[in-house]
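Here are some exercises to work through with the model open in your viewer. Try each task before you read its solution.

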Amino acid sequence: DNTTVADALAAAAAADVVVLGAGIAQCAGHGHGVRPEDCWHGYFGAEGTDRTHIDLPPSQRDFIAQVLALNKPTAIFVLNGGSVALAPELAAPNAAVVEAFYPGAAGAEALARHLYGDANMWGRMPYTMYPAAWVDSHSMLDHDVAATNRTYRYGAPAIVPFGFGLSYSRWRLRRAAPPAAAAELATDGSSADLNVTLTLTNDGPLAGDAVVMAYLAPRATVALQPRPVRSLFDFARANDVAVGASATITFAVNARSLLLVTSNGDRVAAPGEYALSFELGDGAT
């Protein structure tokens, strides 16, 4: 519905800061006399109707471009159930994007608290944001993720990678003790856990939460195929860390942590060398 675009643009032009909502939704009324082709077919979804595009509907993309052309600081929140490509918005120098999904009845208050800086409890991307053209060369019916280089595990091209996320604060992550050159774990699970203890420090300016992610990367000595480039095996959230304070996070790594999935869908402990990394997902650590 474009009938209020002029009013919305006038309001944005008069504002110091713009908060702009975008995203996808179920097709209201679908199945009750409303035809799928009447509901931006391919962009919106409903029971029995999957999206075939991962871009925003053209009318939204056009409106967002007009708002960003005003050159006002703009916070864009996106309401969606699946991946939405946001390349133009993320490239805009005056915009920031919040992935809100479908946050429920309390979502508006949570979003407002975070946009005003009254809360600082951001998460990390739980999916890979693909370019919009990705669907032109990859069938949504082909779920062989290894053969088609899908997901972060197999090196998919990404606008925003799995695990990425920002905070109002700057965080530092370091090992609490110097790392051992290597540790050996028995594939039968009989070895004691390898405990990796990390210190997470909040350099401010706001108290808040941070998420630390633990990844494994099988090296060439792991013969199992398909072999992922890397894979998340654990994560932990540090809650309400004050400015200047530190939190201690310990990951217990064992043979079960390093299980890989075969082409038949079985989880196995594959012998070989694995590199472990512990990351904040902000692109700087």
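**Exercise 1. Count the aromatic pairs in this predicted model, then classify the one between Trp122 and Tyr168.**

Solution. Start with the tally: ring centres within 6.5 Å make a pair, and by this rule the count comes to six aromatic pairs. Next, take Trp122 and Tyr168, whose ring centres are 5.5 Å apart with 85° between the planes. Planes over 60 degrees apart count as edge-to-face, so that's the label for Trp122 and Tyr168. Now place the two residues: Trp122 sits in the loop between H4 and helix H5 (134-137), and Tyr168 in the loop between H5 and E4, so the pair ties together parts that are 46 residues apart in sequence.

**Exercise 2. Are Trp122 and Tyr168 buried, exposed or partly exposed?**

Solution. The cut-offs to use are under 20% relative accessible area for buried and over 50% for exposed, with partly exposed in between. Trp122 has 18%, so it's buried. Tyr168 has 34%, so it counts as partly exposed.

**Exercise 3. Is the pair of Tyr130 and Trp134 stacked or edge-to-face?**

Solution. First check the distance: the ring centres of Tyr130 and Trp134 lie 4.7 Å apart. Then check the angle: their planes are at 15°, so this pair is stacked. Both Tyr130 and Trp134 are buried. While you're looking at rings, pick out Tyr152, Phe162 and Tyr215 too, which ring pairs link into a cluster.

**Exercise 4. Describe the largest pocket: its volume, its lining and the elements that supply it.**

Solution. The volume comes to about 1,200 Å³. There are 40 lining residues, and those closest to the centre are Val97, Val98, Glu99, Leu115 and Trp122. So Trp122 from the first two exercises turns up again here. At least two lining residues each come from strand E2 (74-79), helix H3 (87-91), strand E3 (95-99) and helix H4 (107-115). H4 gives the largest share, seven residues. Sorted by type, the lining has 29 nonpolar, seven polar and four charged residues.

**Exercise 5. Do the job again for the second largest pocket.**

Solution. This one holds about 710 Å³ of space. Of its 28 lining residues, Ala182, Ala183, Leu194, Tyr274 and Leu276 lie nearest the centre. The elements giving two or more residues are E5 and strand E11 (274-279). By type, the lining splits into 21 nonpolar, three polar and four charged residues.

**Exercise 6. What is the strand order in the open sheet of three strands, and which strands are at the edges?**

Solution. The order reads E4-E5-E8, with antiparallel pairing. Strands E4 (171-175) and E8 (246-253) are the edges, since each pairs on one side only. From one strand to the next, the twist averages 25°. Zoom in on E4 and E5 (residues 194-202), and you'll find five bridges. Trp171 stands opposite Asn202 in E5.

**Exercise 7. Where are the cis peptide bonds at Pro205 and Pro226, and which non-glycine residues, Asn71 and Thr151 among them, have positive phi?**

Solution. Most peptide bonds are trans, and most residues other than glycine have a negative phi. Gly204 and Pro205 are joined by a cis bond with omega about 20°, and Pro205 is in the loop between E5 and strand E6 (208-218). Another cis bond joins Gln225 and Pro226, with omega about 0°; Pro226 belongs to the loop between E6 and strand E7 (231-241). For phi, Asn71 is near 60° and Thr151 near 65°. Asn71 is in the loop between helix H2 (58-68) and E2, and Thr151 is in the loop between H5 and E4.

Key. Residues are numbered from 1 along each chain as its sequence is written. This is a predicted model: local features need pLDDT of at least 70, side-chain atom pairs count only at pLDDT 80 or more; totals for chains, interfaces and linings use all residues. Side-chain values use heavy atoms; hydrogens and water are left out. Two strands pair if DSSP finds at least two bridges between them. Helices (H or I, at least four residues) and strands (E, at least two) are DSSP runs, numbered from the N terminus. Axes are lines fitted to C-alpha atoms, for helices over the stretch in contact, and angles run from 0 to 180 degrees between N-to-C directions. On a 1 Å grid over the protein atoms alone, a cavity is a set of points where a 1.4 Å probe fits but cannot get out, and a pocket is an open set with protein on both sides within 12 Å along at least five of seven lines; lining residues have an atom within 4 Å of a point. Grid points are joined across faces, edges and corners, and a volume is the space filled by probe spheres set on the points. Ala, Val, Leu, Ile, Met, Phe, Trp, Tyr, Cys and Pro count as nonpolar, Asp, Glu, Lys and Arg as charged, and the others, Gly among them, as polar. Rings of Phe, Tyr and Trp (its six-membered ring) pair if their centres lie within 6.5 Å; planes under 30 degrees apart count as stacked, over 60 as edge-to-face and the rest as tilted. Buried means under 20% relative accessible area, exposed over 50%, partly exposed in between (1.4 Å probe, protein chains only).
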